[in-house]
Amino acid sequence: MWPYLETFAEDASNEIAAELQGVPDLIIGNYSDGNLVATLLSYKLGITQCNIAHALEKTKYPDSDIYWKKYEDRYHFTCQFTADLIAMNNADFIITSTYQEIAGSKNNVGQYESHTAFTLPGLYRVVHGIDVFDPKFNIMSPGADTSIYFPYSDRGKRLTSLHGSIEKLVYGSEQNEEHIGLLNDRSKPIIFSMATLDPVKNMTGLVECFGKSSKLRELGNLVVVGGYIDVQRCRDKEEMGEIEKMHCLIEKYNLHGQFRWIKAQVNRARNGELYRYIADMKGVFVQPAFYEAFGLTVVEAMTCGLPTFATCHGGPAEIIEHGISGFHIEPHYPHQVAAILINFFEQCQHDLGYWNKISDAGLKRIKERYTWKIYSERLLTLAGVYGFWKHVSKLERRETRRYLEMFYILKFRNLIKSIPLAVN
């Protein structure tokens with residue numbers, strides 16, 4: 001899409017002016033392409049710009065800067081990294097979901113920190129890409145939509161009319177393109193996970209972890225929602241590999257009767273009730289990603305009251321207080337993941353109030369920090385503060401803007417020319 005974004009920004013500016021009969025006060029970009037468009041619109045309309053990275057791909061693919069030529073034909077990382085640099089430096093303020101997005105942890109570099117200095121061999125070298133100590137950075141965590149995701153205990157709002165279809169989805173005997181696998185023992189709690197079948201999400205890793213642990217299989221059933229069941233319906237090579245691996249794991253560990261794989265679900269209302277249905281069964285939610293920038297499914301699950309086990313790499317490490325409002329897991333060590341889950345279920349058997357204790361603590365954590373009400377109030381405050389600062393610091397920022405103009409025209413536009421246009 002990179003060759004089309006400049007034209008799109010031009011068209012969008014005309015539509016915005018016609019719709020609003022003027023110019024807006026604030027524009028928010030999201031992800032690399034959205035942030036570039038927001039930059040172009042902010043520049044053209046002279047308005048305050050806010051960036052939300054969502055994910056910066058540079059940290060997702062290790063050494064994607066050094067070996068950019070290897071990835072270029074498929075991912076066009078040169079355009080993406082260049083767009084990220086332009087947008088993050090042009091933005092008046094930047095919102096991140098967690099501290100780790102900015103500066104990482106003792107074991108991992110932060111998403112923004114990785115743009116401080118790096119080299120694309122043969123293309124250009126970045127010596128001061130972004131200042132992670134710049135006051136333009138603000139940590140504001142999003143929340144779940146409370147009209148869809150709310151506690152399982154809120155019986156008055158429950159979508160009981162969906163329970164028949166959900167029960168069929170989870171416990172049905174049909175084997176087709178929508179779901180495969182059976183759960184023979186309905187008395188066991190469900191270990192539940194929902195994500196795309198991206199290798200980084202590590203869904204197959206969770207299945208293998210479950211398959212290898214006879215004790216975990218004895219204590220619970222596993223249900224995963226994600227991707228296609230039929231590899232022929234998928235177009236993404238990485239996802240195709242994960243689909244094939246999932247089928248192999250089912251046979252390798254003979255998971256029949258203990259595992260249910262459901263195709264990705266797009267009905268958000270039913271997904272919300274699915275979380276609560278799992279909570280009714282005293283189940284848990286597991287997010288096993290190798291890295292997760294924020295972890296919206298973690299927030300959704302906790303908002304519905306599900307005890308949550310999530311990766312210690314990325315946002316979930318900040319969302320969850322380990323052992324209090326949930327549990328951190330190390331996805332690179334599946335035996336440890338299994339041990340934490342086993343310990344939880346065994347404690348639930350010995351202490352009938354333990355499941356509720358973790359569930360309630362998770363709900364308390366969400367209410368205190370991860371709601372859209374808190375988010376929107378802070379966003380409006382920041383828009384006012386940085387809008388004022390943009391007005392009073394115009395002269396100071398002129399030099400940076402001129403450099404970004406040069407970088408865009410002389411470097412970014414040439415990179416775009418190397419991308420073949422879309423073909424129907």
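In this predicted model, S325 touches M302, I319, I320, I358, A361, G362 and R365, leaving aside residues up to four places away in sequence. S325 sits in the loop between α13 (316-319) and β13 (327-329). The relative accessibility of S325 is 2%. Burial requires a value under 20%, so S325 counts as buried. Y408 lies 83 residues from S325 in sequence. In space, the C-alpha atoms of S325 and Y408 are 45 Å apart.

Two annotated domains come from the UniProt record. An unreviewed entry assigns "domain: Sucrose synthase first GT-B" to residues 1-171. Helix makes up 42% of residues 1-171, and strand 13%. The end C-alpha atoms of this span are 41 Å apart. The annotation "domain: Glycosyl transferase family", also from an unreviewed entry, covers residues 177-346. Here the helix content is 41% and the strand content 16%. The C-alpha atoms at the ends of residues 177-346 lie 35 Å apart.

The largest nonpolar core contains 71 residues. Within this core, the residues with the most contacts are F192, V224, F259, W261, Y275 and F344. Helix α14 (residues 334-350) supplies the largest share of the core, with seven residues. A second core is separate and has 31 residues. Its members include L41, Y61, L85 and I86.

V224 illustrates the contacts made by a residue of the largest core. Residues up to four places away in sequence are again left out. V224 touches S193, M203, L206 and V207, among others. M246 is also among the residues that V224 touches. The remaining contacts of V224 are F259, R260, W261 and I262.

Helices α8 (residues 203-212) and α10 (residues 237-252) were examined as a pair. Two packed helices are described by the angle between their axes and the distance between the axes. The axes of α8 and α10 come within 10 Å and cross at roughly 5°. Angles under 35 degrees count as roughly parallel, and α8 and α10 are therefore roughly parallel to each other. On the α8 side, the contact is made by M203, T204, V207 and E208. On the α10 side, E242, K245, M246, L249 and K252 take part. By class, the contact of α8 with α10 has four nonpolar, one polar and four charged residues. M203 and V207 of α8 and M246 of α10 belong to this contact, and V224 touches M203, V207 and M246 as well.

How values were computed: Residues numbered from 1 in each chain as written. Predicted model: local features only at pLDDT ≥ 70, side-chain atom pairs only at ≥ 80, totals over all residues. Heavy atoms only, no water. UniProt positions renumbered as here; feature names shortened; annotations may be inferred. Helix = DSSP H or I, 4+ residues; strand = E, 2+ residues; numbered from the N terminus. Core = buried A, V, L, I, M, F, W, Y, C linked by side-chain atoms within 4.5 Å. Buried < 20%, exposed > 50% of the residue type's maximum accessible area, 1.4 Å probe, protein only. Contact = heavy atoms within 4.5 Å. Axes fitted to C-alpha atoms, helices over the stretch in contact; angles between N-to-C directions. Parallel < 35°, antiparallel > 145°, perpendicular 65-115°, else oblique. Nonpolar A, V, L, I, M, F, W, Y, C, P; charged D, E, K, R; others polar.
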